[in-house]
Amino acid sequence: MYLIQHSILNSANHYPDNEAFRYNDKALTYKELVEQSHQLAHLLISLGVQRGDRVGVYLNRCLETAVAVYGILSAGAVFVPLDPYAPPSRNQFVIQDCGIEHLISNKNQEKNLKNTLTENLNVKSIISPFGADSISPFGGGWGVDFATFCANLNTRTFTQKNLQKSLSTKPQICILEEDLAYIMYTSGTTGTPKGIMHTHRSGLAYAKLSADLYNVQSTDRLGNHAALHFDISTMGYFTMPYVGGTTVIVSDIHTKLPASMVQLIEKERLTIWYSVPLALIQLLQSGIEERDLTALRWVLYGGEPFPAKHLRTLMEQLPNAIFSNVYGPAEVNQCTYYNLPKPPKDDETIPLGKVWGNTEILIFDENNNPAKVGETGELLVRSATQMKGYWDRRDLTEKNLYKREKITGCEEVFYRTGDLVRICEQGDLHFLGRKDRQVKIRGYRIELDEIEATLTTHEAVDSAAIFAIKNDDEAYINAVVVLKKDLETSDLKLYLSEYLPAYAVPSNIKFIDAIPRTTAGKVNYKILKTS
Amino acid sequence: MTDIIIQYIKKEILNDPDTTLTAQDDLLGSGLVDSMGFVRIIAFLEEEYDITIPPTDMVIEHFMNIEAMSNYVAKLKG
């Protein structure tokens, strides 16, 4: 096994009738997933898709995502998740940035696609993997209006009918473990997102390491809360197929209605849950005490710290489950874990914990010297799960790497996380903050400089400063703006929402006469945060 | 009540007063309304109809579409 798609082939051999993915009351067994992925792969190959070509997955949480991921990989291509909830301009940027010519989507997204696709984007085809009579509740056939819209753009549309005519045998392609498998886009400091490139090797290394660490079995059932564009989803899309287990895709509607979500955990007898802390905190007031969640043996959380008081309450509600704090930037997926021995007593932050397998870390002070035990420094990571680099950003990739040659001819390449940590005497890592201006809002990474850069592109804005303030364990983004001409704050929020995801739009915008600056002329964020 | 909720969602959430939206349209599953939008709809219902929606009532049956929301709010108002 050296490619991500080998997982489903192997699991289809051992457990052909195990359900690989479930969504509401529909499911795909491993046998069905392999067949449908191969059909999609053959269709993509017939459209001219070659090894390394980027194919977009424009879907919300649904069963088609599984066929899309494994179909694209089986064709030797690279899957790029797009977020249908993101502003059209952001998806347009991604499509252009990595040259996506083919999209996997469904009828459900017609409205969003109409707002996104233009002639300049040069999208040649859009494929809906499931047909009208199939397991998709919305039907896979495209509407007449939409088909016309696409025809005008010279974009071809395909449905399940086209797929069924394709072969379901394994496509013969030459592809190696070091070849690209997927690209996930995240916030960039210059005002546009950057694509994190992962290979089959890094994806499969994550699947192996996480399966070992959490002893994941073919009988396990994972609740996949994260959307495909969020790297937390790699456990559901890679690890479970690797062991032959079942990934239950939590629907968009369930993620918004916690009382239904807790019913789903009970009904599906989930054994593993992995999400951002917020999703778990929401469960607390949703009748969790009336549900039988005793099947849950692991609760994994990541993306941001879990406030101790909520974590304590939740752990007391779920005494059978082991809680694990998962840490790692998307560039290395995961690199540490901390399994909580008991509910936290005080309100201290939970440690990041210990480094997992196939991974080496360094903690460097400002002069690239190793920090001593107890001293604060930047965390550097070298791992089998490490990214290949940022798409088409060699400069940025290099800037974020540290290379050393301990043995002649054997270069060791570390990723500089930008996270400040210290290691305690017990050997656990503790998170202390960021070296730069990256923040996490509901688990999403945001570069405050990206918001600043976007805000200053508005014609009425002279200058702007963005800063985050913590209030009751949650971070809020604030903006102060100096105007050139009169404007309402709502106009600016609307403007930002055209370019940035909803979570990156500041909650508060204040107009001021001048941005406070330090004597060196830099924005004085300290004053802004305290005033 | 259905019309009032439809108008609110079209104007305030979708920012598109001319769009077509029916009481039976799948709001949350279709990608039309995101999490923040949904939070605003809840706040609107609570204020407009002077009700408090307990977290345990936040289930699909009550919010899958505008028709379900109207029925739920009517029931809550008794």
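Helix 1 of chain B passes helix 4 of chain B in a right-handed crossing. The model is a predicted one, and in it the axes of helix 1 (residues 2-13) and helix 4 (residues 66-77) of chain B come within 9 Å and cross at roughly 130°. That angle is neither under 35 degrees nor over 145, and it falls outside the range 65 to 115, so helix 1 of chain B and helix 4 of chain B are oblique to each other. From there, the tour below moves to the meeting of the two chains, and then to the sheets and cores of chain A.

**Helices of chain B**

- On the helix 1 side of the crossing, the contact is made by Thr2(B), Ile5(B) and Ile6(B). Helix 4 of chain B answers with Ile66(B), Glu67(B), Met69(B) and Ser70(B).
- Helix 1 of chain B is also the place of Ile13(B). Is Ile13(B) buried or exposed? Neither label fits: a residue needs 20 or more other C-beta atoms within 10 Å to be buried, and Ile13(B) has 19, so Ile13(B) is partly exposed.
- Leaving out residues up to four places away in sequence, Ile13(B) touches Val33(B), Gly37(B), Arg40(B) and Ile41(B).
- One of these partners, Ile41(B), is 28 residues from Ile13(B) in sequence, while the two C-alpha atoms are 8.0 Å apart in space.

**Where the chains meet**

- How many residues of each chain take part in the contact between chain B and chain A? On the chain B side there are 16 residues, in contact with 18 residues of chain A.
- Helix 2 (35-48) and helix 3 (60-63) of chain B each supply at least two residues of the side that touches chain A.
- Helix 2 of chain B gives the largest share of that side, with 3 residues.

**The sheet of 9 strands in chain A**

- Chain A holds an open sheet of 9 strands in the order 2-1-11-10-12-13-14-15-16, and its pairing is mixed.
- Strand 2 (26-29) and strand 16 (354-355) of chain A are the edge strands, each pairing on one side only.
- At one end of this order, strand 1 (residues 19-23) and strand 2 of chain A pair in the antiparallel sense over 4 bridges. Within that pair, Thr29(A) of strand 2 stands opposite Glu19(A).
- Helix 2 (residues 30-46) of chain A lies across strand 1 and strand 2, and runs at about 80° to strand 2 of chain A.
- Further along, the loop between strand 14 (322-327) and strand 15 (336-339) of chain A is the place of Glu331(A). The cut-off for a buried residue is 20 or more other C-beta atoms within 10 Å; Glu331(A) has 27, and is therefore buried.
- Glu331(A) touches Ile196(A), Gln386(A), Met387(A) and Tyr415(A), not counting residues up to four places away in sequence. By contrast, the C-alpha atoms of Glu331(A) and Pro351(A), 20 residues apart along the chain, are separated by 20 Å.

**A hairpin in chain A**

- Strand 21 (residues 410-423) and strand 22 (residues 429-434) of chain A pair in the antiparallel sense over 5 bridges. Leu420(A) has Gly433(A) of strand 22 opposite.
- The hairpin of these two strands has 5 residues between the strands, and there Gly427(A) takes a positive phi near 90°.

**The sheet of 3 strands in chain A**

- Strands 25-26-27 of chain A, in that order, make an open sheet with mixed pairing. Its edge strands are strand 25 (461-471) and strand 27 (508-511), each of which pairs on one side only.
- Neighbouring strands of this sheet are turned by 20° against each other on average, direction ignored.
- Strand 25 and strand 26 (residues 474-483) of chain A pair in the antiparallel sense over 10 bridges. Ile466(A) has Ala479(A) in strand 26 as its bridge partner.
- Helix 15 (residues 448-455) of chain A lies across strand 25 and strand 26, running at about 150° to strand 25 of chain A.

**Nonpolar cores**

- The largest nonpolar core has 142 residues, and Leu33(A), Val55(A), Val57(A), Phe79(A) and Val80(A) have the most contacts inside it.
- Apart from that core lies another, of 21 residues, including Ala465(A), Ile466(A), Leu500(A) and Ala504(A).
- Which residues are in contact with Leu33(A), leaving aside its neighbours within four places in sequence? They are Ile8(A), Ala20(A), Phe21(A), Leu28(A), Ala66(A), Val67(A) and Tyr70(A).

Technical notes: Residues numbered from 1 in each chain as written. Chains lettered and ligands numbered in written order. Predicted model: local features only at pLDDT ≥ 70, side-chain atom pairs only at ≥ 80, totals over all residues. Core = buried A, V, L, I, M, F, W, Y, C linked by C-beta atoms within 7 Å. Buried ≥ 20, exposed ≤ 12 C-beta atoms within 10 Å, placed from the backbone. Contact = placed C-beta atoms within 7 Å. Pairing = 2+ DSSP bridges. Axes fitted to C-alpha atoms, helices over the stretch in contact; angles between N-to-C directions. Left-handed = near helix turned anticlockwise from the far one by under 90°.
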